[in-house]
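The following paragraphs lead through one protein model, from its overall architecture to a few individual residues. The reader may wish to keep the sequence and the coordinates in view throughout.

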Amino acid sequence: LGFRNFVAAHHKATGVVNSILGSWPDIAVSPKAAAKGWLLIRPDAARVMHSATDEDGIVLSGRVDRRQFHGRFYHLAGDIAGEKLFFDLPLDPCPPEAGSSIVLRLNPGAMTWLDARRGDQ
């Protein structure tokens, strides 16, 4: 499927998912899910923000490592809280150039909980 954004995470019975990127109550996790797992973030999950105060929700800040134009979208590689993440961003607004800081808003509906297998994490 080409998914590359896997972040180690754990969740509590309260429904809050915790990872190095932050803690969020809006991620769908089955009541039967293991406490430890992975958060899969689809490449189309992000939108560029003007600042971290623009909107509530899942907002991440980081640095752009690479930006490539792909016709209908920009493919972006970035460092977010020490994690290398990859996104396919809309043309408007144009994402910042490599070396620049970036603020992204993530759609919780484009994030999926995956249980860890024995030996993971």
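Two residues are said to be in contact, or to touch, when they have heavy atoms within 4.5 Å. With that cut-off, Ile41 touches Asn5, Val7, Leu21, Phe87, Leu106, Ala110 and Met111, leaving aside residues up to four places away in sequence. The model in which these contacts are found is predicted.

The overall architecture comes next. The protein chain contains zero helices and ten strands. Read from the N terminus, its elements follow the order β-β-β-β-β-β-β-β-β-β. The radius of gyration is 15 Å, close to the 14 Å that the globule rule gives for 121 residues, so the chain is as compact as a globular protein of that length. Along the principal axes, the C-alpha atoms fill a box of roughly 40 × 30 × 25 Å.

Contacts and surface can be treated together. Among the contacts of the protein chain with a separation of 6 or more, 65% join residues that are 24 or more positions apart. Of its 121 residues, 36% count as buried. The chain exposes about 7,000 Å², and carbon and sulfur atoms supply 50% of this area. As for charge, there are 14 positive and 13 negative charges, and their mean positions lie 8 Å apart.

The interior may now be considered. In soluble globular proteins, nonpolar side chains tend to be buried together. In this model, the largest nonpolar core has 26 residues, and those with the most contacts inside it are Leu39, Ile41 and Leu106. At least two residues of this core come from each of β1 (6-11), β4 (36-41), β5 (46-49), β6 (58-69), β7 (74-80), β8 (83-89), β9 (101-106) and β10 (111-115).

Where in the chain is Ile41 found? Ile41 belongs to strand β4. Burial is assigned under 20% relative accessible area; Ile41, at 0% relative accessibility, therefore counts as buried. One of its contacts is Phe87, a residue 46 positions away along the chain, and the C-alpha atoms of the two are separated by 8.9 Å. The contacts of Ile41 also include Leu106, which is itself listed with Leu39 and Ile41 among the core residues that have the most contacts.

Leu60 offers a second view of the interior. This residue is placed in strand β6. Its relative accessible area is 3%, so Leu60 is buried. Apart from residues up to four places away in sequence, Leu60 touches Leu21, Trp24, Ile80, Ile102, Val103, Leu104 and Leu106. Leu21 and Leu106 thus appear in the contact list of Leu60 and in that of Ile41.

From Leu60 the path leads to a loop. Leu60 and Ala81 are 21 residues apart in sequence, and their C-alpha atoms are 8.5 Å apart in space. Ala81 is located in the loop between β7 and β8. Is Ala81 buried or partly exposed? Its relative accessible area is 40%, so Ala81 is partly exposed. The backbone at Ala81 has a positive phi of about 55°, although the residue is not a glycine. A further backbone feature is found at Pro93, which lies in the loop between β8 and β9. The peptide bond from Asp92 to Pro93 is cis, with omega near 0°.

Two further residues, on strands β6 and β7, complete the tour. Arg66 lies in strand β6, and His75 has its place in strand β7. At 35% relative accessibility, Arg66 counts as partly exposed, whereas His75, at 13%, counts as buried. Arg66 touches His75, Leu76, Ala77, Phe86 and Ala98, with residues up to four places away in sequence left out. On the same basis, His75 touches Arg4, Arg66, Arg67, Gln68, His70, Phe86, Phe87 and Asp88. Phe86 is thus in contact with Arg66 and with His75, while Phe87, a contact of His75, also touches Ile41.

Two C-alpha separations add spatial context to this pair. Arg66 and Phe6 are 60 residues apart along the chain, and their C-alpha atoms are separated by 19 Å. For His75 and Leu91, 16 residues apart along the chain, the C-alpha separation is 10.0 Å.

Definitions and conventions:
Residues are numbered from 1 along each chain as its sequence is written. This is a predicted model: local features need pLDDT of at least 70, side-chain atom pairs count only at pLDDT 80 or more; totals for chains, interfaces and linings use all residues. Side-chain values use heavy atoms; hydrogens and water are left out. Helices (H or I, at least four residues) and strands (E, at least two) are DSSP runs, numbered from the N terminus. The radius of gyration is taken over C-alpha atoms; the globule rule is 2.2 Å times the number of residues to the power 0.38. Buried means under 20% relative accessible area, exposed over 50%, partly exposed in between (1.4 Å probe, protein chains only). Accessible areas come from the Shrake-Rupley method with a 1.4 Å probe; for residues, only the protein chains shown count as cover. Lys and Arg count as positive and Asp and Glu as negative; His and the chain ends are not counted. The place of a charge is taken as NZ of Lys, CZ of Arg, CG of Asp or CD of Glu. A nonpolar core is a set of buried Ala, Val, Leu, Ile, Met, Phe, Trp, Tyr and Cys residues joined through side-chain atoms within 4.5 Å.
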